[in-house]
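Me: I'm new to reading protein structures and would love a close look at one part: the place where the two chains meet. Could you walk me through it in one connected answer?

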Amino acid sequence: MRDRPSFHDLELLSAYLDGELREAATARLVARLKTNPQLQAELNNLHQIRLLLRNTPRRCAPRNFTLTPKMAGLRAPAPRSLPALRFAAALATILLALTFAVNYISPLGAAQRSAEVYGIGGGEAAEKENLLTEQEVFVESALPQEEYAAPSAELGMATQMPAMDEAGSMPTATVSPASEAAAEALPPSGDQESTAKIIPSAWQAGLAVFLLICVTAIVLLRWNAGRQLRKRMKQDR
Amino acid sequence: MDETTLIREAQRGSLDAFNQLVLAYQDALFNTALRIMGDTDLAADATQEAFLSAFRNLTSFRGGSFRAWLLRTVTNACYDELRRKKRRPSLPLEPATEEDEDMDSPRWLADPNPSPEALLDQSELEHAIQHCLDDLPPEFRAVIVLADVQDLDYREVAAALKIPLGTIKSRLARARLRMRECLQSFWELLPAAFRLKSKGRA
(Lines give C-alpha, C1' and ligand atoms only; values in the text may rest on other atoms or scores of the structure.)
Protein backbone atom coordinates (compact mmCIF):
# COMPACT_ATOMS: atom_id res chain seq x y z
CA MET A 1 0.00 0.00 0.00
CA ARG A 2 1.47 3.37 -0.96
CA ASP A 3 1.93 5.97 1.78
CA ARG A 4 1.26 8.96 -0.41
CA PRO A 5 -1.62 8.92 -2.90
CA SER A 6 -0.51 9.11 -6.52
CA PHE A 7 -1.88 11.62 -8.97
CA HIS A 8 -4.07 8.87 -10.39
CA ASP A 9 -5.54 8.42 -6.92
CA LEU A 10 -6.18 12.15 -6.71
CA GLU A 11 -7.96 12.05 -10.08
CA LEU A 12 -10.14 9.21 -8.80
CA LEU A 13 -10.89 11.10 -5.59
CA SER A 14 -11.74 14.28 -7.52
CA ALA A 15 -14.14 12.42 -9.83
CA TYR A 16 -15.62 10.52 -6.89
CA LEU A 17 -16.24 13.84 -5.13
CA ASP A 18 -18.21 15.07 -8.14
CA GLY A 19 -20.13 11.82 -8.58
CA GLU A 20 -18.45 11.20 -11.91
CA LEU A 21 -16.94 7.80 -11.10
CA ARG A 22 -18.45 4.59 -12.47
CA GLU A 23 -20.09 2.18 -10.10
CA ALA A 24 -17.34 -0.43 -10.06
CA ALA A 25 -14.58 2.16 -9.60
CA THR A 26 -16.61 3.83 -6.85
CA ALA A 27 -16.93 0.59 -4.93
CA ARG A 28 -13.19 -0.07 -5.14
CA LEU A 29 -12.36 3.46 -3.99
CA VAL A 30 -14.76 3.35 -1.07
CA ALA A 31 -13.10 0.12 0.08
CA ARG A 32 -9.66 1.73 -0.11
CA LEU A 33 -10.83 4.84 1.75
CA LYS A 34 -11.86 2.71 4.71
CA THR A 35 -8.35 1.33 5.10
CA ASN A 36 -6.19 4.26 3.94
CA PRO A 37 -6.30 7.35 6.19
CA GLN A 38 -4.03 9.36 3.89
CA LEU A 39 -6.39 8.78 1.01
CA GLN A 40 -9.27 9.91 3.20
CA ALA A 41 -7.31 13.04 4.20
CA GLU A 42 -6.73 13.89 0.54
CA LEU A 43 -10.43 13.49 -0.13
CA ASN A 44 -11.20 15.87 2.73
CA ASN A 45 -8.76 18.43 1.34
CA LEU A 46 -10.31 18.26 -2.10
CA HIS A 47 -13.73 18.60 -0.58
CA GLN A 48 -12.64 21.72 1.30
CA ILE A 49 -11.19 23.32 -1.81
CA ARG A 50 -14.37 22.68 -3.74
CA LEU A 51 -16.42 24.11 -0.89
CA LEU A 52 -14.32 27.26 -0.75
CA LEU A 53 -14.66 27.83 -4.45
CA ARG A 54 -18.40 27.20 -4.46
CA ASN A 55 -18.78 29.77 -1.70
CA THR A 56 -16.63 32.38 -3.39
CA PRO A 57 -18.61 35.61 -3.25
CA ARG A 58 -20.71 36.21 -6.35
CA ARG A 59 -20.35 39.74 -7.56
CA CYS A 60 -23.20 41.49 -9.30
CA ALA A 61 -22.47 42.71 -12.78
CA PRO A 62 -21.18 46.30 -12.48
CA ARG A 63 -23.58 47.45 -15.19
CA ASN A 64 -26.08 46.11 -17.70
CA PHE A 65 -24.50 44.38 -20.66
CA THR A 66 -27.58 44.65 -22.90
CA LEU A 67 -26.92 45.44 -26.54
CA THR A 68 -28.08 48.49 -28.47
CA PRO A 69 -29.04 48.14 -32.15
CA LYS A 70 -25.84 49.90 -33.08
CA MET A 71 -23.73 47.51 -31.00
CA ALA A 72 -25.57 44.55 -32.45
CA GLY A 73 -24.86 45.81 -35.95
CA LEU A 74 -28.52 45.93 -36.85
CA ARG A 75 -29.16 47.79 -40.07
CA ALA A 76 -32.38 48.56 -41.85
CA PRO A 77 -33.17 45.97 -44.54
CA ALA A 78 -32.14 47.31 -47.94
CA PRO A 79 -35.04 47.95 -50.36
CA ARG A 80 -35.07 45.64 -53.37
CA SER A 81 -34.55 48.44 -55.86
CA LEU A 82 -31.38 49.58 -54.10
CA PRO A 83 -28.89 47.31 -55.93
CA ALA A 84 -30.30 48.35 -59.32
CA LEU A 85 -30.09 52.02 -58.39
CA ARG A 86 -26.53 51.57 -57.18
CA PHE A 87 -25.58 49.87 -60.44
CA ALA A 88 -27.23 52.63 -62.48
CA ALA A 89 -25.42 55.31 -60.46
CA ALA A 90 -22.07 53.56 -60.90
CA LEU A 91 -22.63 53.16 -64.65
CA ALA A 92 -23.62 56.81 -65.02
CA THR A 93 -20.50 57.87 -63.12
CA ILE A 94 -18.25 55.79 -65.36
CA LEU A 95 -19.90 57.04 -68.55
CA LEU A 96 -19.69 60.64 -67.38
CA ALA A 97 -16.00 60.24 -66.61
CA LEU A 98 -15.45 58.65 -70.05
CA THR A 99 -17.18 61.53 -71.85
CA PHE A 100 -14.91 64.01 -70.10
CA ALA A 101 -11.88 61.91 -70.93
CA VAL A 102 -12.79 61.54 -74.61
CA ASN A 103 -13.54 65.23 -75.00
CA TYR A 104 -10.28 66.10 -73.29
CA ILE A 105 -8.16 63.73 -75.35
CA SER A 106 -9.61 64.52 -78.78
CA PRO A 107 -8.39 68.16 -79.00
CA LEU A 108 -4.94 67.00 -77.89
CA GLY A 109 -4.90 64.35 -80.61
CA ALA A 110 -5.72 66.91 -83.25
CA ALA A 111 -2.95 69.16 -82.01
CA GLN A 112 -0.42 66.35 -82.24
CA ARG A 113 -1.41 65.44 -85.78
CA SER A 114 -1.05 69.07 -86.78
CA ALA A 115 2.49 69.04 -85.40
CA GLU A 116 3.39 65.99 -87.49
CA VAL A 117 2.25 67.68 -90.71
CA TYR A 118 4.59 70.61 -90.11
CA GLY A 119 7.74 68.46 -89.92
CA ILE A 120 7.86 66.77 -86.64
CA GLY A 121 6.64 63.37 -87.88
CA GLY A 122 7.10 61.20 -91.08
CA GLY A 123 5.00 58.96 -93.28
CA GLU A 124 2.47 60.13 -95.79
CA ALA A 125 2.49 63.64 -94.45
CA ALA A 126 6.25 63.77 -94.90
CA GLU A 127 5.96 62.68 -98.58
CA LYS A 128 3.52 65.46 -99.23
CA GLU A 129 5.87 67.77 -97.47
CA ASN A 130 8.64 66.74 -99.86
CA LEU A 131 6.36 67.46 -102.81
CA LEU A 132 5.67 70.86 -101.38
CA THR A 133 9.36 71.42 -100.87
CA GLU A 134 10.05 70.57 -104.50
CA GLN A 135 7.37 72.96 -105.66
CA GLU A 136 8.70 75.64 -103.42
CA VAL A 137 12.20 75.08 -104.75
CA PHE A 138 10.95 75.51 -108.32
CA VAL A 139 9.42 78.80 -107.33
CA GLU A 140 12.43 79.82 -105.37
CA SER A 141 14.63 79.15 -108.34
CA ALA A 142 12.95 82.09 -110.05
CA LEU A 143 14.20 84.31 -107.31
CA PRO A 144 17.80 85.54 -107.02
CA GLN A 145 20.13 82.58 -106.65
CA GLU A 146 22.13 83.96 -103.74
CA GLU A 147 19.08 83.91 -101.50
CA TYR A 148 18.64 80.18 -101.76
CA ALA A 149 20.91 77.20 -101.38
CA ALA A 150 18.55 74.57 -102.90
CA PRO A 151 20.36 71.57 -104.50
CA SER A 152 20.49 71.46 -108.29
CA ALA A 153 19.14 67.87 -108.35
CA GLU A 154 15.94 68.99 -106.82
CA LEU A 155 15.86 71.85 -109.22
CA GLY A 156 16.08 69.39 -112.08
CA MET A 157 13.28 67.26 -110.75
CA ALA A 158 11.14 70.21 -110.14
CA THR A 159 11.35 71.30 -113.77
CA GLN A 160 9.53 68.12 -114.81
CA MET A 161 6.60 68.70 -112.49
CA PRO A 162 3.26 69.74 -113.99
CA ALA A 163 3.16 72.46 -111.47
CA MET A 164 5.63 74.33 -113.70
CA ASP A 165 2.67 75.79 -115.53
CA GLU A 166 1.66 77.59 -112.43
CA ALA A 167 5.09 78.95 -111.76
CA GLY A 168 3.96 82.51 -112.23
CA SER A 169 1.55 82.37 -109.47
CA MET A 170 3.50 80.14 -107.19
CA PRO A 171 5.45 82.64 -105.14
CA THR A 172 2.28 84.04 -103.77
CA ALA A 173 0.54 80.69 -103.77
CA THR A 174 3.16 78.75 -101.85
CA VAL A 175 1.40 79.34 -98.64
CA SER A 176 -2.07 78.24 -99.67
CA PRO A 177 -1.11 74.92 -101.32
CA ALA A 178 0.98 74.14 -98.29
CA SER A 179 -1.88 74.82 -95.97
CA GLU A 180 -4.22 72.83 -98.20
CA ALA A 181 -1.77 69.94 -98.28
CA ALA A 182 -1.43 70.14 -94.55
CA ALA A 183 -5.16 69.94 -94.28
CA GLU A 184 -5.18 66.95 -96.64
CA ALA A 185 -2.50 65.27 -94.56
CA LEU A 186 -4.94 65.05 -91.67
CA PRO A 187 -6.99 61.86 -91.33
CA PRO A 188 -10.61 62.17 -92.37
CA SER A 189 -11.71 62.59 -88.78
CA GLY A 190 -9.40 65.55 -88.56
CA ASP A 191 -11.69 67.43 -90.90
CA GLN A 192 -13.71 68.29 -87.82
CA GLU A 193 -12.72 71.34 -85.86
CA SER A 194 -9.75 70.52 -83.63
CA THR A 195 -11.38 72.16 -80.63
CA ALA A 196 -14.83 70.53 -81.13
CA LYS A 197 -16.03 67.98 -78.51
CA ILE A 198 -16.71 64.44 -79.63
CA ILE A 199 -19.39 63.91 -76.97
CA PRO A 200 -21.85 66.79 -76.94
CA SER A 201 -22.27 68.71 -73.72
CA ALA A 202 -25.98 67.91 -73.71
CA TRP A 203 -25.19 64.23 -73.28
CA GLN A 204 -22.87 64.99 -70.39
CA ALA A 205 -25.52 67.12 -68.75
CA GLY A 206 -28.06 64.32 -69.20
CA LEU A 207 -25.73 61.79 -67.57
CA ALA A 208 -25.07 64.14 -64.69
CA VAL A 209 -28.79 64.65 -64.10
CA PHE A 210 -29.41 60.89 -64.23
CA LEU A 211 -26.61 60.32 -61.71
CA LEU A 212 -28.07 62.96 -59.40
CA ILE A 213 -31.51 61.31 -59.56
CA CYS A 214 -30.05 57.88 -58.72
CA VAL A 215 -28.07 59.19 -55.74
CA THR A 216 -31.08 61.10 -54.41
CA ALA A 217 -33.26 57.98 -54.73
CA ILE A 218 -30.68 55.87 -52.85
CA VAL A 219 -30.44 58.36 -50.00
CA LEU A 220 -34.23 58.65 -49.68
CA LEU A 221 -34.79 54.89 -49.74
CA ARG A 222 -32.18 54.27 -47.02
CA TRP A 223 -33.56 57.03 -44.84
CA ASN A 224 -37.04 55.59 -45.16
CA ALA A 225 -35.81 52.06 -44.34
CA GLY A 226 -34.02 53.37 -41.23
CA ARG A 227 -37.19 55.17 -40.14
CA GLN A 228 -39.18 51.97 -40.48
CA LEU A 229 -36.60 50.02 -38.43
CA ARG A 230 -36.72 52.54 -35.61
CA LYS A 231 -40.52 52.37 -35.70
CA ARG A 232 -40.39 48.58 -35.48
CA MET A 233 -37.93 48.66 -32.56
CA LYS A 234 -40.28 50.95 -30.65
CA GLN A 235 -43.21 48.61 -31.29
CA ASP A 236 -41.19 45.62 -29.98
CA ARG A 237 -40.85 47.39 -26.66
CA MET B 1 -41.73 34.27 -21.90
CA ASP B 2 -39.72 31.15 -21.13
CA GLU B 3 -36.08 30.74 -22.05
CA THR B 4 -36.68 28.48 -25.05
CA THR B 5 -39.06 31.02 -26.58
CA LEU B 6 -36.68 33.87 -25.87
CA ILE B 7 -33.84 31.98 -27.55
CA ARG B 8 -36.01 31.23 -30.57
CA GLU B 9 -37.10 34.87 -30.88
CA ALA B 10 -33.53 36.05 -30.46
CA GLN B 11 -32.40 33.67 -33.18
CA ARG B 12 -34.99 35.25 -35.45
CA GLY B 13 -33.33 38.61 -34.82
CA SER B 14 -35.25 40.04 -31.87
CA LEU B 15 -32.76 42.15 -29.97
CA ASP B 16 -35.28 42.69 -27.21
CA ALA B 17 -35.57 38.92 -26.60
CA PHE B 18 -31.79 38.59 -26.57
CA ASN B 19 -31.42 41.42 -24.07
CA GLN B 20 -33.76 39.61 -21.70
CA LEU B 21 -31.39 36.65 -21.87
CA VAL B 22 -28.50 39.02 -21.21
CA LEU B 23 -30.15 40.28 -18.04
CA ALA B 24 -30.69 36.71 -16.87
CA TYR B 25 -27.11 35.54 -17.43
CA GLN B 26 -24.93 38.62 -17.08
CA ASP B 27 -24.07 37.98 -13.41
CA ALA B 28 -22.92 34.42 -14.12
CA LEU B 29 -20.87 35.50 -17.12
CA PHE B 30 -19.35 38.44 -15.31
CA ASN B 31 -18.36 36.30 -12.32
CA THR B 32 -16.77 33.70 -14.58
CA ALA B 33 -14.84 36.39 -16.40
CA LEU B 34 -13.83 37.97 -13.10
CA ARG B 35 -12.40 34.71 -11.73
CA ILE B 36 -10.54 34.02 -14.96
CA MET B 37 -9.26 37.55 -15.57
CA GLY B 38 -8.78 38.60 -11.96
CA ASP B 39 -9.62 42.19 -12.85
CA THR B 40 -13.02 43.91 -12.80
CA ASP B 41 -12.51 46.10 -15.86
CA LEU B 42 -11.08 43.31 -17.97
CA ALA B 43 -13.89 41.04 -16.84
CA ALA B 44 -16.48 43.65 -17.90
CA ASP B 45 -14.82 43.97 -21.33
CA ALA B 46 -14.77 40.22 -21.77
CA THR B 47 -18.41 39.94 -20.70
CA GLN B 48 -19.56 42.59 -23.17
CA GLU B 49 -17.54 40.98 -25.92
CA ALA B 50 -19.04 37.61 -25.04
CA PHE B 51 -22.61 38.88 -25.37
CA LEU B 52 -21.82 40.57 -28.68
CA SER B 53 -20.31 37.36 -29.98
CA ALA B 54 -23.26 35.35 -28.67
CA PHE B 55 -25.75 37.55 -30.52
CA ARG B 56 -23.83 37.29 -33.78
CA ASN B 57 -23.46 33.50 -33.50
CA LEU B 58 -26.81 32.71 -31.93
CA THR B 59 -27.92 30.57 -34.84
CA SER B 60 -25.10 28.13 -34.02
CA PHE B 61 -26.83 27.18 -30.74
CA ARG B 62 -28.69 23.96 -31.51
CA GLY B 63 -30.05 23.06 -28.10
CA GLY B 64 -28.65 21.73 -24.85
CA SER B 65 -27.46 23.90 -21.99
CA PHE B 66 -27.71 27.55 -23.04
CA ARG B 67 -25.82 28.46 -19.88
CA ALA B 68 -22.90 26.27 -20.89
CA TRP B 69 -23.02 27.74 -24.39
CA LEU B 70 -22.88 31.27 -23.01
CA LEU B 71 -20.09 30.38 -20.59
CA ARG B 72 -18.10 29.06 -23.52
CA THR B 73 -18.38 32.41 -25.28
CA VAL B 74 -17.20 34.26 -22.18
CA THR B 75 -14.32 31.81 -21.66
CA ASN B 76 -13.23 32.30 -25.25
CA ALA B 77 -13.52 36.06 -24.80
CA CYS B 78 -11.30 35.78 -21.72
CA TYR B 79 -8.73 33.70 -23.60
CA ASP B 80 -8.71 36.29 -26.39
CA GLU B 81 -8.27 39.06 -23.86
CA LEU B 82 -5.45 37.21 -22.11
CA ARG B 83 -3.69 36.61 -25.39
CA ARG B 84 -4.13 40.24 -26.32
CA LYS B 85 -2.82 41.47 -23.04
CA LYS B 86 -0.19 38.74 -22.79
CA ARG B 87 -0.22 38.97 -19.11
CA ARG B 88 -1.29 36.86 -16.22
CA PRO B 89 -3.61 38.89 -14.05
CA SER B 90 -2.60 39.18 -10.46
CA LEU B 91 -3.55 41.27 -7.51
CA PRO B 92 -1.15 44.06 -6.66
CA LEU B 93 1.00 43.16 -3.66
CA GLU B 94 0.95 46.66 -2.29
CA PRO B 95 -0.80 49.90 -3.10
CA ALA B 96 0.78 51.79 -6.01
CA THR B 97 0.53 55.15 -4.30
CA GLU B 98 -0.53 56.43 -0.95
CA GLU B 99 -3.89 57.34 -2.48
CA ASP B 100 -4.59 53.68 -3.17
CA GLU B 101 -4.46 52.74 0.45
CA ASP B 102 -8.23 52.84 0.75
CA MET B 103 -8.73 50.53 -2.21
CA ASP B 104 -8.99 46.79 -1.82
CA SER B 105 -5.50 45.55 -1.18
CA PRO B 106 -4.18 42.31 0.27
CA ARG B 107 -3.48 43.56 3.73
CA TRP B 108 -2.82 40.02 4.83
CA LEU B 109 0.35 40.12 2.79
CA ALA B 110 1.51 43.48 4.02
CA ASP B 111 0.66 42.73 7.62
CA PRO B 112 2.24 39.51 8.97
CA ASN B 113 0.09 39.66 12.11
CA PRO B 114 -3.51 40.15 11.01
CA SER B 115 -6.17 40.82 13.60
CA PRO B 116 -8.86 38.20 14.24
CA GLU B 117 -11.37 40.45 12.51
CA ALA B 118 -9.20 40.56 9.41
CA LEU B 119 -8.91 36.78 9.42
CA LEU B 120 -12.68 36.46 9.09
CA ASP B 121 -12.99 39.20 6.50
CA GLN B 122 -14.77 37.82 3.49
CA SER B 123 -12.81 40.03 1.14
CA GLU B 124 -9.52 38.58 2.44
CA LEU B 125 -10.70 35.07 1.69
CA GLU B 126 -11.82 36.18 -1.74
CA HIS B 127 -8.45 37.77 -2.34
CA ALA B 128 -6.68 34.58 -1.30
CA ILE B 129 -8.77 32.48 -3.64
CA GLN B 130 -8.32 34.91 -6.52
CA HIS B 131 -4.59 35.06 -5.91
CA CYS B 132 -4.33 31.29 -6.18
CA LEU B 133 -6.61 31.18 -9.22
CA ASP B 134 -4.39 33.73 -10.92
CA ASP B 135 -1.43 31.45 -10.40
CA LEU B 136 -3.06 28.68 -12.44
CA PRO B 137 -2.47 28.40 -16.20
CA PRO B 138 -5.53 29.78 -18.06
CA GLU B 139 -6.73 26.38 -19.29
CA PHE B 140 -6.72 24.94 -15.76
CA ARG B 141 -8.22 28.09 -14.32
CA ALA B 142 -11.15 27.95 -16.75
CA VAL B 143 -11.92 24.34 -15.81
CA ILE B 144 -11.96 24.93 -12.06
CA VAL B 145 -13.92 28.18 -12.38
CA LEU B 146 -16.63 26.52 -14.46
CA ALA B 147 -16.75 23.33 -12.40
CA ASP B 148 -16.34 24.64 -8.87
CA VAL B 149 -17.23 28.35 -9.01
CA GLN B 150 -20.09 28.08 -11.52
CA ASP B 151 -21.02 24.54 -10.46
CA LEU B 152 -21.30 23.03 -13.92
CA ASP B 153 -21.13 19.26 -14.28
CA TYR B 154 -18.32 17.60 -16.26
CA ARG B 155 -20.35 17.33 -19.48
CA GLU B 156 -21.30 21.01 -19.37
CA VAL B 157 -17.69 22.00 -18.75
CA ALA B 158 -16.56 19.75 -21.61
CA ALA B 159 -19.18 21.33 -23.90
CA ALA B 160 -18.28 24.84 -22.78
CA LEU B 161 -14.56 24.38 -23.34
CA LYS B 162 -14.83 21.93 -26.24
CA ILE B 163 -12.38 19.47 -24.70
CA PRO B 164 -12.84 15.75 -23.92
CA LEU B 165 -14.34 14.54 -20.66
CA GLY B 166 -11.12 12.76 -19.68
CA THR B 167 -9.20 16.00 -20.06
CA ILE B 168 -11.72 17.78 -17.83
CA LYS B 169 -11.26 15.19 -15.07
CA SER B 170 -7.49 15.41 -15.28
CA ARG B 171 -7.29 19.19 -15.41
CA LEU B 172 -9.80 19.64 -12.60
CA ALA B 173 -7.85 17.28 -10.35
CA ARG B 174 -4.59 19.09 -11.08
CA ALA B 175 -6.18 22.50 -10.60
CA ARG B 176 -7.64 21.50 -7.25
CA LEU B 177 -4.27 20.12 -6.17
CA ARG B 178 -2.51 23.37 -7.08
CA MET B 179 -5.20 25.43 -5.36
CA ARG B 180 -4.72 23.37 -2.23
CA GLU B 181 -0.96 23.86 -2.31
CA CYS B 182 -1.38 27.61 -2.87
CA LEU B 183 -4.02 28.06 -0.19
CA GLN B 184 -1.95 26.01 2.27
CA SER B 185 0.12 29.11 3.00
CA PHE B 186 -3.04 31.01 3.87
CA TRP B 187 -4.53 28.29 6.01
CA GLU B 188 -2.38 29.32 8.91
CA LEU B 189 -3.51 32.91 8.45
CA LEU B 190 -7.15 32.22 7.80
CA PRO B 191 -8.03 29.09 9.74
CA ALA B 192 -11.25 30.47 11.15
CA ALA B 193 -12.60 31.48 7.77
CA PHE B 194 -11.85 28.06 6.35
CA ARG B 195 -13.36 26.28 9.31
CA LEU B 196 -16.56 28.29 9.11
CA LYS B 197 -16.92 27.48 5.43
CA SER B 198 -16.56 23.76 5.89
CA LYS B 199 -18.85 23.49 8.91
CA GLY B 200 -22.01 21.48 8.42
CA ARG B 201 -21.39 20.53 4.76
CA ALA B 202 -21.08 16.94 3.48
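Reply: Happy to! One definition helps before we begin: two residues are in contact when they have heavy atoms within 4.5 Å of each other. Please also keep in mind that this is a predicted model.

With that meaning of contact, 40 residues of chain A are in contact with 49 residues of chain B. How much area is buried between chain B and chain A? The value is about 4300 Å², and carbon and sulfur atoms give 60% of that. The size of an interface is often given in this way, as the accessible area lost when the parts come together.

Let's get to know chain A a little. Chain A has ten helices and zero strands, so its pattern along the sequence is simply α-α-α-α-α-α-α-α-α-α. Chain A has 237 residues, and 26% of them count as buried. Its accessible surface comes to about 16000 Å², with 59% belonging to carbon and sulfur atoms. Among the contacts in chain A with a separation of 6 or more, 75% are between residues 24 or more positions apart.

Now for the charged and polar pairs between the chains. The rule finds 18 residue pairs in polar contact across the interface of chain B and chain A, both residues being at pLDDT 80 or more. On the chain B side, seven helices are named as supplying at least two residues each: α2 (15–37), α3 (40–56), α7 (122–134), α8 (138–149), α9 (154–161), α10 (165–187) and α11 (191–198). The largest share, twelve residues, comes from α2(B). Sorted by class, the side of chain B that touches chain A has 24 nonpolar, ten polar and 15 charged residues.

Across this interface the rule also finds five salt bridges, while the count over all chains comes to twelve. Let's visit some of them.

Start with Arg50(A) and Asp18(A), which form a salt bridge inside chain A, with their closest N and O atoms 2.8 Å apart. This pair links distant parts of the chain: Arg50(A) is in helix α3 (residues 37–54), Asp18(A) is in the loop between α1 (7–17) and α2 (23–35), and the two are 32 residues apart. Is Arg50(A) buried or exposed? Arg50(A) is buried, because its relative accessible area is 12%, and buried means under 20%.

Asp18(A) has another partner. Asp18(A) also forms a salt bridge with Arg176(B), and here the closest N and O atoms are 3.0 Å apart. Because Asp18(A) lies in the loop between α1 and α2 of chain A and Arg176(B) lies in helix α10 of chain B, this pair joins two chains. Arg176(B) counts as buried, at 0% relative accessibility. Put these residues together and you get a network: Asp18(A), Arg50(A), Asp148(B) and Arg176(B) are linked by salt bridges.

Helix α10 of chain B comes up again in the next pair. The side chains of Glu42(A) and Arg180(B) meet in a salt bridge, at 2.2 Å from N to O. This pair crosses between chains, from helix α3 of chain A, where Glu42(A) lies, to helix α10 of chain B, where Arg180(B) lies. Both residues are buried. For Glu42(A), the relative accessible area is 14%. Which residues does Glu42(A) contact, leaving aside its neighbours within four places in sequence? They are Pro5(A), Leu10(A), Leu13(A) and, from chain B, Arg180(B).

One more bridge between the chains is worth finding on your screen: Asp151(B) forms a salt bridge with Arg54(A), the closest N and O atoms being 2.9 Å apart.

To return to the main picture, the chains share an interface with about 4300 Å² of buried area, five salt bridges and 18 residue pairs in polar contact. A good place to begin exploring is the network of Asp18(A), Arg50(A), Asp148(B) and Arg176(B). From there, look for Glu42(A) in helix α3 of chain A.

Note on methods: Residues are numbered from 1 along each chain as its sequence is written. Chains are lettered from A and ligands numbered from 1 in the order in which they are written. This is a predicted model: local features need pLDDT of at least 70, side-chain atom pairs count only at pLDDT 80 or more; totals for chains, interfaces and linings use all residues. Side-chain values use heavy atoms; hydrogens and water are left out. Helices (H or I, at least four residues) and strands (E, at least two) are DSSP runs, numbered from the N terminus. Buried means under 20% relative accessible area, exposed over 50%, partly exposed in between (1.4 Å probe, protein chains only). Accessible areas come from the Shrake-Rupley method with a 1.4 Å probe; for residues, only the protein chains shown count as cover. Buried area is the accessible area (1.4 Å probe) that two parts lose on being put together, summed over both. A salt bridge is a side-chain nitrogen of Lys or Arg within 4 Å of a carboxyl oxygen of Asp or Glu. A polar contact is a pair of N or O atoms within 3.5 Å; within protein, one must be able to donate a hydrogen and the other to accept it, and residues adjacent in sequence count only if both atoms are side-chain atoms. Ala, Val, Leu, Ile, Met, Phe, Trp, Tyr, Cys and Pro count as nonpolar, Asp, Glu, Lys and Arg as charged, and the others, Gly among them, as polar.
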